[in-house]
Amino acid sequence: MANLTTFSEKVLRYLEPDENRWSYWLEKQELQAVSDASCMHAFVDCIKNAREQNKKVIVCGDYDCDGILATTIMVDGLQKYGLEVGFYIPNRIKEGYGLNCNTVSLAHKKGYELLVTVDNGVKAHDALSLAKESGMETIVTDHHRIEEEICCDVLVHPTKMEESFSTLCGAAVAYECIRALGVDTPYHLILASIASIGDVMPVTHQTRALIQNGLQLLNTSKEKHTYILANDGMLNETSVGFQIVPKLNAIGRLSNMANVNNAVRYFLNQDEREIRRFYDQIVHVNDMRKQISTKMTDCALRKCTPQDPVLLVSDPSFHEGIIGLVAGSLCSQFQKPAIVLAQNTDSYKASMRSPEGFDCMDFLSGFDDFRALGGHTQAAGFSLDLQSFPAFVKYVKKAGAAFHWTPLQKETLHIEPEDITTQSVQSLDALRPFGPGFQLPAFEISPVNIKSVYDLSNGKHRRFTLQSGLQCLCFNISPSDKAKSVNSIRGFVGSPQINYYRGSKRVSFIIDQILYK
């Protein structure tokens, strides 16, 4: 088929056995028509009414990549529609997630009459009730799970829209709202595509079209706010996910060092010097995030007990905005559930990450003394009073030893080292974007014939060179893998990658798991 090598066809057949469906994955998807759902008509009517009555509007967002870009899209779109618009994203550490009563009170005092949430709101019951009592109109635009009735005048949510919009992230919902007003721009589409990648949404339906069209615009226009946040010359969902998204998430994580609202000001600003000034701040904060994350991970590795069934680490120096990254790192290295806690003056904040097959929420449900608890199967966050911490430690040790779970065996696509060439890896571009719903498979090379081994960064990483010449890189190699004999290695599971260096391309294999005989 056109643009398909033997390698990319092998991948497509693995992901989509039905050849009649191949055209969907191989063709660029065009954006769906603007939603005709009743909730979208209600949104448009409410905004039109606000413009006619000269109402001041405040947009309340979230502090991650999706929330920052959702806020930017909604604010810029409503301003283009002719409204006076303010915005606010809460401080992650001081205020926590979502719309709160204090924000509503301050907005009301400042004369805002219409409150619009983006990427949050479905759980803000107290704040929305206060807004209603204060006489404010409320529009909730969100994509998170609805668990109970929401007190608002208008709710725009993927579950209230056509099936083609079912996979939208928060910024994509905001984008669809601005499309419905008829004031959307290519810039809004670029931002919605980046947010869709950052929030790891299923790459099907409208989300696939948003990512494909948005990235095409980004690569052709070299848009000044977004393109400079990346390193590669041509961007795909992988490079955006590793180069742009973490920089935006870092601002929200380190809210004691940066004001996340400045990220929205950055994306709204058109002055070249101001854009450069904000950009320098974003890069600096991300560099700080890297340094803190590395330091915390090294500390956690020293303090954790790898033999424990559930890893648990706390340290007075830990930054609560980074604990999720550290928990993820421990979980990845040891393939065990990991809990990392940061201590505040009156409580502990904690993040938990687990391998596939282990349900975080199921495990935590046996402890009933949380201040707050929320999350999903493989990721959870919670807080504890200081006096509850010893009991929680005892619970984790006891429950961890008794908790039965079966690690899911990762399905792999077997390939030969000779299959991995620059041309074959580049041919995967015909299938992009990859993501949930169309996930790039885990590739297995086995058996492997290892020619040489070389440790990098003082033993933190390891490079295996095969007889074929293919270099296989294992980043943050675990102590157990490091201690085992190279002769006992049967194969590697991971993914191929093209590296660009001084104008030349070289393919390598990034190891996720080492297989043993």
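Here is a chat between a trainee and a mentor about the predicted model shown above.

Trainee: Before we dig in, what pLDDT do local features need in this predicted model?

Mentor: Residues are numbered from 1 along each chain as its sequence is written, and side-chain values use heavy atoms, with hydrogens and water left out. Totals for chains, interfaces and linings use all residues, but side-chain atom pairs count only at pLDDT 80 or more, and local features need pLDDT of at least 70.

Trainee: How many helices and strands does the chain have?

Mentor: Both are DSSP runs numbered from the N terminus: helices are H or I with at least four residues, strands are E with at least two. Going by that, the chain comes to 17 helices and 17 strands.

Trainee: What radius of gyration does the chain have, and what does a compact globule predict?

Mentor: The radius is taken over C-alpha atoms, and the globule rule is 2.2 Å times the number of residues to the power 0.38. Because the chain has 517 residues, the rule gives a value near 24 Å, and the chain agrees with 24 Å.

Trainee: What percentage of the residues is buried?

Mentor: Buried means under 20% relative accessible area, while exposed means over 50% and partly exposed lies in between (1.4 Å probe, protein chains only). Out of 517 residues in the chain, the buried ones make up 53%.

Trainee: Which helix gives the largest share of the largest nonpolar core?

Mentor: A nonpolar core is a set of buried Ala, Val, Leu, Ile, Met, Phe, Trp, Tyr and Cys residues joined through side-chain atoms within 4.5 Å. This one has 131 residues, and Phe43, Leu69, Met74, Leu78 and Phe492 touch the most other members. The largest share, nine residues, comes from helix α12 (residues 272-303).

Trainee: Which residues is Leu78 in contact with, leaving aside neighbours within four places in sequence?

Mentor: Contact means heavy atoms within 4.5 Å. With those neighbours set aside, Leu78 touches Ile47, Val57, Val59, Leu83, Val85, Ile178 and Leu181.

Trainee: In what order do the strands of the five-strand sheet come?

Mentor: Two strands pair if DSSP finds at least two bridges between them. In this open sheet the pairing is mixed, and β6 and β7 run parallel over five bridges. The edge strands, β6 (311-315) and β9 (372-375), each pair on one side only. The order is β6-β7-β8-β10-β9.

Trainee: And the seven-strand sheet: which helix packs on it?

Mentor: This open sheet runs β11-β12-β16-β17-β15-β14-β13 with mixed pairing. Angles run from 0 to 180 degrees between N-to-C directions, with axes being lines fitted to C-alpha atoms, for helices over the stretch in contact. The packing helix touches β11 and β12, and its direction makes about 145° with that of β11. That helix is α1 (residues 6-15).

Trainee: Why is strand β14 described as largely enclosed?

Mentor: β14 pairs antiparallel with β13 through six bridges, and with β15 over four bridges, again antiparallel. It is largely enclosed by the rest of the structure because, of its six residues, the number buried is five.

Trainee: Which residue takes a positive phi in the hairpin of β14 and β15?

Mentor: In the hairpin of β13 and β14, Ser457 in the turn has a positive phi of about 50°. The hairpin of β14 and β15 has four residues between the strands, and the one with a positive phi near 100° is Gly469.
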